[in-house]
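Please look through the sequence and the model below before reading on. The briefing after them is meant for someone who has not met this structure before.

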Amino acid sequence: MNRPAAKHPTNPPSYFVSVRVSLYWKRLLLFFAGAALCVLLYLFLLNFPGLGTGSASAGIVPVLALAASTWLLTLRFLRLDGVSLSQLGLGAGDHRLARLGIGFVAGSVLTLVWLAIVILTTGATWHLNPKFRAIALIGWCVFAFFNNVGEELVYRGYAFVRLADRFGPYVAALSTTSLFALLHLQAGIPWLSVLAGVFSSGLIFAAIFARWLSVPLALGFHVATNIVQDASGLRTSAASLFALTFPQTAPNAGALTLGSIALINVILAAVILETSGKRGAQAKGPAKTS
């Protein structure tokens, strides 16, 4: 009597595709996951009673936590990849304070150009702010500095260097600046202001880092644009030394104003990035012929 042929067990159908992720992408994704946790901690503290920007502490505790956590995150991933702090312009011999100061002066000049554009396109008048409070300006300066430390370490630090190593400075600048703009968009800033102001400014910060590989230089520039906007009255508050008064008959020049500022920012970023590309090509030297 013939026995029926044994049936070989068949593997159940697989409904999941196995994706192999390289170590490069694993570490980059883990870095952004860590950065997201840093931001969540910052937002939690910012909304905690007594710690927000409207409290007596002026939001200093949340931004200190953001700066400290992103710094520790950056150190961790630099060590994992064997990357020196000098790659970010943060080494002992990288003239950190000098570059921070140079960046601040340059950022202040650009912000005053933005102010001139606003006055010219809207016919606004510029005058002393009667509601100015020195303590408000001091608090805003501290808040802006440490908040921007966190942003620069995330967007123009480890992640930028790793992306630029693989894809070049242009892709690194566009990708990190897009994330930078999206974070501001979800915070409730109108999309036109995000596109014309935040995104175009972010391109400049990215271009500065790509050209000089210095977080302090980009940080100084970034901090200046925030502090000078408030102090000059571009964003009027109790921290503003000056204020703008717009004429009642002034035309609706919002699109022209934002467009002009964005155009200047993009041109400046493109010029800096172009010199960055030329510098990189010169560093590599002429191609060898076989």
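What follows covers the confidence of the model, its nonpolar core, its aromatic rings and one residue in a helix.

This is a predicted model, in which local features need pLDDT of at least 70 and side-chain atom pairs count only at pLDDT 80 or more, while totals for chains, interfaces and linings use all residues. Residues are numbered from 1 along each chain as its sequence is written, and side-chain values use heavy atoms, with hydrogens and water left out.

**Confidence**

- The chain averages a pLDDT (the predictor's confidence in each residue, from 0 to 100) of 88, and 87% of the residues score at least 70.
- Among the elements of the chain, helix H8 (residues 215-232) has the highest mean pLDDT, 97, and helix H9 (residues 254-284) the lowest, 82, where helices are DSSP runs of H or I with at least four residues, numbered from the N terminus.
- Over residues 281-290 the pLDDT is below 50, and this stretch has zero contacts (heavy atoms within 4.5 Å) beyond near neighbours in sequence.

**Nonpolar core**

- The largest nonpolar core has 59 residues, of which Leu88, Phe160 and Ile208 touch the most other members; such a core is a set of buried Ala, Val, Leu, Ile, Met, Phe, Trp, Tyr and Cys residues joined through side-chain atoms within 4.5 Å, and buried means under 20% relative accessible area, exposed over 50% and partly exposed in between, with a 1.4 Å probe and protein chains only.
- Helix H7 (residues 191-212) supplies the largest share of this core, 10 residues.
- Leaving aside residues up to four places away in sequence, the residues that leucine 88 touches include Thr74, Tyr158, Phe209 and Pro216.

**Aromatic rings**

- The whole structure holds 14 aromatic pairs, counted for rings of Phe, Tyr and Trp (its six-membered ring) with centres within 6.5 Å, where planes under 30 degrees apart are stacked, over 60 edge-to-face and the rest tilted.
- Tyrosine 155 and phenylalanine 180 form an edge-to-face pair, 5.4 Å centre to centre with 70° between the planes.
- Because tyrosine 155 lies in helix H4 (residues 134-155) and phenylalanine 180 in helix H6 (residues 169-186), their pair ties together parts that are 25 residues apart in sequence.
- Both tyrosine 155 and phenylalanine 180 are buried.

**A residue in helix H9**

- Leucine 258 is found in helix H9, and its 23% relative accessibility is why leucine 258 counts as partly exposed.
- Leucine 258 touches Leu192, Ser193 and Ala196, not counting residues up to four places away in sequence.

Technical notes:
Helices (H or I, at least four residues) and strands (E, at least two) are DSSP runs, numbered from the N terminus.
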